[in-house]
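Student: Please take a close look at a single part of this model. Then set it in its surroundings in one connected answer.

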Amino acid sequence: MIFVFLMNQQADKNSDLSSQRNLLGLSLEELRVELESLHIPAYRGRQILEWIYQKRVTSWAKMLTLPVALREDLEIRYPLAFPEVVTVSGSHDTTQKFLLRLSDHEMIETVLIPASPALYGEDSDRRTLCVSSQVGCAYRCKFCASGLDGFKRNLRTEEIVAQVLLVEKISGERINNIVFMGMGEPFANFDHLTRALRIINAPWGIHLAARKITVSTSGLTPRIREFADLPEQIRLAISLHGATDAVRSEIMPINQRYPLSELMEACTYYVERKKQLLTFEYILIAGVNDQLEQALALARYAKRLRAKVNLIPYNRVEGLPWDRPSQGVQRAFLAKLREHGVAATIRREKGHDIDAACGQLRRRQLYGL
Ligand code: SF4
């Protein structure tokens, strides 16, 4: 089922997302400094952000505790602009994929995975948003739809933050779990990523606990170390997908630059520095990385780091030759990991029917697919 939202009015109003001073891209401290430079009392900064993040208004006009003249002046300096919602595709399992058009007409996708007792058991009130961090991706993992069309550009801080606010507004759901597993390699957009993470985490911002936010990387090892040095306790997931250099390099070109030994050293640094466990994401692809030797090699890495392993049976992507292994092969792979004491699960993908599952996000609208 596809709903089309014609939000032309809002799109016209929000046509300029190019300013670095978009209100959604500013921290409380930065806003205070900006306001002080305009001789506006600093307390107005907190007031303005309360309207956005607590009261969830989407225009300056609705910030009623501010004098009208001040609102009008600040709106010109710091537009409160959101991407345009082009379509919302609803899956039969109620996963929803949001196709968003940015101010330069580039497209991104964001996926809402609603609460599901069947999927999460005790954690059944988990409403997860899978956020994009770039338009396209330069890393060209062979199995991934997001890399198929190449890299266009990084998302700006406000474009990352806006995904959360927009989806909450349209769906009426309060998101309580965010994963950076949408389009793009988050660590290749490190500055905007970390700024957005602080706004999402801050008490004056979206105020989502750090342990409810996970950033997933294909393995940019210098950035993993930098991430480990951040004060926030944000979780890390590694898109591993191969447990030997030969297999991983075949499907993930980044492994030629940062081979497994280097990647595992960076992971060890993260675990020791943060005192946090990490997750290995492992897409099972038939005949490529689903052999028991791979399971054994994966088990060694996971045990050493006490990492949890999420197995994700591959979702077919139009235009790519790969397929998912049989249920029997999936089960055998899982059993091998567990036999070696690894906490592993097979992730039951939601949203498969709308191409919103892992590795499937793509700027489809551009191609009329
Ligand atoms: S898996 Fe991640 S890093 Fe690899 S091409 Fe896809 S989006 Fe980029």
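Tutor: What follows starts with helix 7 and works outward.

This is a predicted model, in which local features need pLDDT of at least 70 and side-chain atom pairs count only at pLDDT 80 or more, while totals for chains, interfaces and linings use all residues. Residues are numbered from 1 along each chain as its sequence is written, and side-chain values use heavy atoms, with hydrogens and water left out.

Take the frame first. The protein has 13 helices and 13 strands. Both are DSSP runs numbered from the N terminus: helices are H or I with at least four residues, strands are E with at least two. Of the 369 residues, 59% are buried. Buried means under 20% relative accessible area, exposed means over 50%, and partly exposed lies in between, with a 1.4 Å probe and protein chains only. Count the contacts with a separation of 6 or more: 66% of them link residues 24 or more positions apart. A contact means heavy atoms within 4.5 Å.

Now helix 7 itself. Its twelve residues run from 190 to 201. The expected span is 1.5 Å times one less than the number of residues. That gives 16 Å, and the end C-alpha atoms are 16 Å apart, so the two agree.

Helix 7 is mostly covered, with nine of its twelve residues buried. These are Phe-190, His-192, Leu-193, Thr-194, Ala-196, Leu-197, Ile-199, Ile-200 and Asn-201. What do the buried residues of helix 7 pack against? Three helices take part: helix 3 (43–54), helix 6 (157–171) and helix 8 (221–228). Strand 8 (177–180) and strand 9 (213–217) are there too.

Look at the helix 6 partner in detail. Two packed helices are described by the angle between their axes and the distance between the axes. Axes are lines fitted to C-alpha atoms, for helices over the stretch in contact, and angles run from 0 to 180 degrees between N-to-C directions. The axes of helix 6 and helix 7 come within 8 Å and cross at roughly 40 degrees. That makes helix 6 oblique to helix 7. Under 35 degrees counts as roughly parallel, over 145 as roughly antiparallel, 65 to 115 as roughly perpendicular, and the rest as oblique. The crossing is right-handed. In such a crossing the near helix is turned clockwise from the far one by less than a right angle; anticlockwise would be left-handed. Helix 6 contributes Thr-157, Ile-160, Val-161 and Val-164 to the contact. Helix 7 contributes His-192, Leu-193, Arg-195, Ala-196, Ile-199 and Ile-200.

Next, helix 3. Helix 3 also packs with helix 2 (residues 28–37), at an angle of about 130 degrees and with the axes 8 Å apart. Helix 2 and helix 3 are therefore oblique to each other. Their crossing is right-handed. The helix 2 side offers Leu-28, Leu-31, Arg-32 and Leu-35. The helix 3 side offers Arg-44, Gly-45, Arg-46, Ile-48 and Leu-49.

Then helix 8. Thr-221 lies in helix 8. Thr-221 is buried, at 4% relative accessible area. Leaving out residues up to four places away in sequence, Thr-221 touches Tyr-258, Glu-262, Leu-263 and Ala-266. The C-alpha atoms of Thr-221 and Cys-267 are 8.1 Å apart, although their positions lie 46 residues apart along the chain.

Finally, the charged pairs. A salt bridge is a side-chain nitrogen of Lys or Arg within 4 Å of a carboxyl oxygen of Asp or Glu. The count comes to 20 salt bridges. One of them joins the side chains of Arg-273 and Asp-229, at 2.6 Å, N to O. Arg-273 lies in helix 11 (residues 260–274) and Asp-229 in the loop between helix 8 and strand 10 (235–239), so the pair ties together parts 44 residues apart in sequence. Both ends are partly exposed: Arg-273 at 47%, Asp-229 at 38%.

Another pair is Arg-77 and Asp-73, at 3.2 Å, N to O. Being four residues apart in helix 4 (residues 68–77), they are separated by about one helical turn. Arg-77 is partly exposed at 38%, and Asp-73 at 29%.

Arg-316 and Asp-323 also form a salt bridge, at 3.4 Å, N to O. Arg-316 is partly exposed at 46%, and Asp-323 at 36%. Salt bridges that share partners join Asp-104, Arg-153, Arg-156, Glu-158 and Glu-159 into one network.
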